[in-house]
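Please open the structure in your viewer and keep the selection panel at hand. The stops below are meant to be taken in order, each beginning with something to select.

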Amino acid sequence: MEADSTGSAVGPPAAEDSSSPDVDEDAFAFPRGLLYPFPFPEALSSPSCETLVPRNFKQAAKLLGLDSKLEKSLLIPFREIKVECTIPKDDGTLASFVGFRVQHDNARGPMKGGIRYHHEVDPDEVNALAQLMTWKTAVANIPYGGAKGGIGCSPGKLSCSELERLTRVFTQKIHDLIGIHTDVPAPDMGTNSQTMAWILDEYSKFHGHSPAVVTGKPIDLGGSLGREAATGRGVLFATEALLAEYGKSIKDQRFIIQGFGNVGSWAAQLISEAGGKVIAISDVTGAIKNTNGLDIEKLLKHSAENRGIKGFSGGESIDASSLLTEDCDVLIPAALGGVINRENANDLRAKFIIEAANHPTDPEADEILSKKGVVILPDIYANSGGVTVSYFEWVQNIQGFMWDEEKVNAELKTYMTRGFKDMKEMCKMHNCDLRMGAFTLGVNRVARATVLRGWEA
Ligand SMILES: NC(=O)C1=CN([C@@H]2O[C@H](COP(=O)(O)OP(=O)(O)OC[C@H]3O[C@@H](n4cnc5c(N)ncnc54)[C@H](OP(=O)(O)O)[C@@H]3O)[C@@H](O)[C@H]2O)C=CC1
Ligand SMILES: O=C(O)CCC(=O)C(=O)O
């Protein structure tokens, strides 16, 4: 049987409508109604990041003066898993998908990272994203290594019950290789708390009830208060810390945000609540702009009711491809990787870029923007709020004690503030930009743990 990353059926043609008649899909909706069963997009052109992460890593290794053998051992993933997942579709035909989990490094603790459902998921990208997680958890100084997973599928083209079957089959194939003290998955693009609930349930059939095996779970199953908003809230704290360095505050800035999913919508809401003016937003259905500031509450409602921001009456519709080059102070990419590249970098007008997405800026764009004096807050710091609260969730599960949301948010602020300070210290020490500050910080911590364990020989 052929594995098909788009998930098209193998066998007789599938019926047009693949939604399961006996499942109330609303019952499975993400708290913001963002995911299933949305029509799925054609992605932005998204150059792969497999060369990008090693490039930054190698530069950091050079600045740190790492031994070449240690450098090599830090790059090679601990384990790469590739599994075939075949499921019966609702119409009775079979569909096959390929799932990946790359466990990059565990010198500092259990490997940690999201699981992405997207039609462009491939092994090289998952590999690069897993490596990014290793440096990210080290920048945040949480006791984890790095991992990432994904299934090549279009979640919006699968019904809720098909997604459940796919998630359960994937879990059956990897359950022996993940675990509370080995590798702890979480949501990423195209997955959510419901996906984590299915993984938890399936894993628990083999290993007994194990809430700490995944984070980003529903609260009812041991999820943490504040995890859903955490990446967006972390972006807010990170942005505040950066702007303060320039004598600015959220209140006097105009923001543009690409992506209105988990990360983008929370970032928009929290920035807007903090007095920032969010003047343009895009999702896969289109882009809207209002130079007086978009009403985020109304936009959230519109998006939930209409499955996207298209048609929102509180702003003018603009070409999504021009969103990134619109005039603004702060640009926040919060969707796909590689969206800021040599094609558009010269045209960007933002003074600050906050990388809420993973690897949104390619190295050529990095160079162009740096020459233009644009300040980029790198992903491995800027979006680390999500994995930081995932860590709090794991700690709560292990403690068997639930924190209140105030404590979660206050701890998150402490971690984000400390991360910013540590990153700036490395910038000073190595006379480098923020990206290299974050990379030297993360790589140095992982290298130290590796050497201390005696793994480098
Ligand atoms: N979730 C988390 O905790 C973390 C996520 N990240 C990163 O943040 C990014 C976003 O993740 P997350 O919010 O969880 O994912 P979601 O799947 O919740 O949201 C993704 C958003 O991107 C939009 N999108 C997809 N394609 C395009 C496009 N071509 N143009 C504009 N928008 C597009 C989607 O639109 P639509 O809704 O219409 O499909 C959706 O609004 C990813 O890079 C992820 O790796 C990083 C750290 C943690
Ligand atoms: O919360 C987590 O464990 C991982 C989040 C993630 O995948 C990321 O930060 O890119």
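The tour of this predicted model visits two ligand sites, two helices and the nonpolar cores.

**Stop 1: ligand 1**

Begin by selecting ligand 1 and displaying the residues around it, of which there are 23, with Arg116, Thr231, Phe260, Val284 and Ala335 the closest. For the polar contacts, look at the oxygen atoms of the ligand: one lies 2.7 Å from an N or O atom in the side chain of Thr231, and a polar backbone atom of Gly190 is found 3.1 Å from an oxygen atom of ligand 1. The backbone also takes part at Ala335, where a polar atom is 2.7 Å from a ligand oxygen. Taken on its own, ligand 1 has 900 Å² of accessible area, and the protein covers 92% of this.

Next, colour the shell by residue class, which gives 11 nonpolar, eight polar and four charged residues around ligand 1. If you then switch to a cartoon, the elements to pick out are helix 6 (227–245), helix 7 (262–273) and strand 8 (277–283), each of which supplies at least two residues of that shell.

**Stop 2: ligand 2**

Now move the selection to ligand 2, which has 14 residues around it, and among these Lys112, Gly114, Lys136, Lys148 and Ser390 come nearest. Which side chain has an N or O atom 2.6 Å from an oxygen atom of ligand 2? It is that of Lys112, while for the side chain of Lys148 the corresponding distance to a ligand oxygen is 2.7 Å. Add Arg227 to the display as well, since a polar atom of its side chain lies 2.9 Å from an oxygen atom of ligand 2. The accessible area of ligand 2 on its own is 290 Å², and 95% of it is covered by the protein.

Colouring by class here shows three nonpolar, six polar and five charged residues in the shell around ligand 2. Strand 4 (111–118), helix 3 (123–140) and helix 11 (385–399) are the elements to highlight, as each supplies at least two residues of this shell.

**Stop 3: Arg445**

Select helix 13 (residues 434–453) and find Arg445 within it. Is this arginine buried or exposed? With a relative accessible area of 17%, Arg445 counts as buried because the cut-off for that class is under 20%. A polar atom of the Arg445 side chain lies 2.8 Å from the backbone oxygen of Ala138. Setting aside neighbours within four places in sequence, the residues in contact with Arg445 are Arg108, Ala138, Val139, Asn141 and Asp422.

**Stop 4: the nonpolar cores**

Turn next to the largest nonpolar core, which has 81 residues, and select Leu74, Ile281, Ile332, Leu377 and Tyr381, the members that touch the most other members. Helix 6 gives the most to this core, contributing nine residues. To follow one member further, centre on Ile332, whose contacts beyond four places in sequence include Val235, Phe255, Ile271 and Ile354. Another core, of 25 residues, lies apart from the largest one, and Cys153, Leu163, Val169 and Val214 are among its members.

**Stop 5: helix 9**

Finish by selecting helix 9 (residues 363–372), where the buried residues are Pro363, Ala365, Asp366, Ile368 and Leu369. An α-helix has 3.6 residues a turn, so residues three or four places apart point the same way. Just after helix 9, check the backbone of Gly373, which takes a positive phi of about 85°.

Key: Residues numbered from 1 in each chain as written. Chains lettered and ligands numbered in written order. Predicted model: local features only at pLDDT ≥ 70, side-chain atom pairs only at ≥ 80, totals over all residues. Heavy atoms only, no water. Near = heavy atom within 4 Å. Polar contact = N/O pair within 3.5 Å; in protein donor to acceptor, adjacent residues only side chain to side chain. Areas by Shrake-Rupley, 256 points an atom, 1.4 Å probe, with all protein chains shown as cover. Helix = DSSP H or I, 4+ residues; strand = E, 2+ residues; numbered from the N terminus. Nonpolar A, V, L, I, M, F, W, Y, C, P; charged D, E, K, R; others polar. Buried < 20%, exposed > 50% of the residue type's maximum accessible area, 1.4 Å probe, protein only. Contact = heavy atoms within 4.5 Å. Core = buried A, V, L, I, M, F, W, Y, C linked by side-chain atoms within 4.5 Å.
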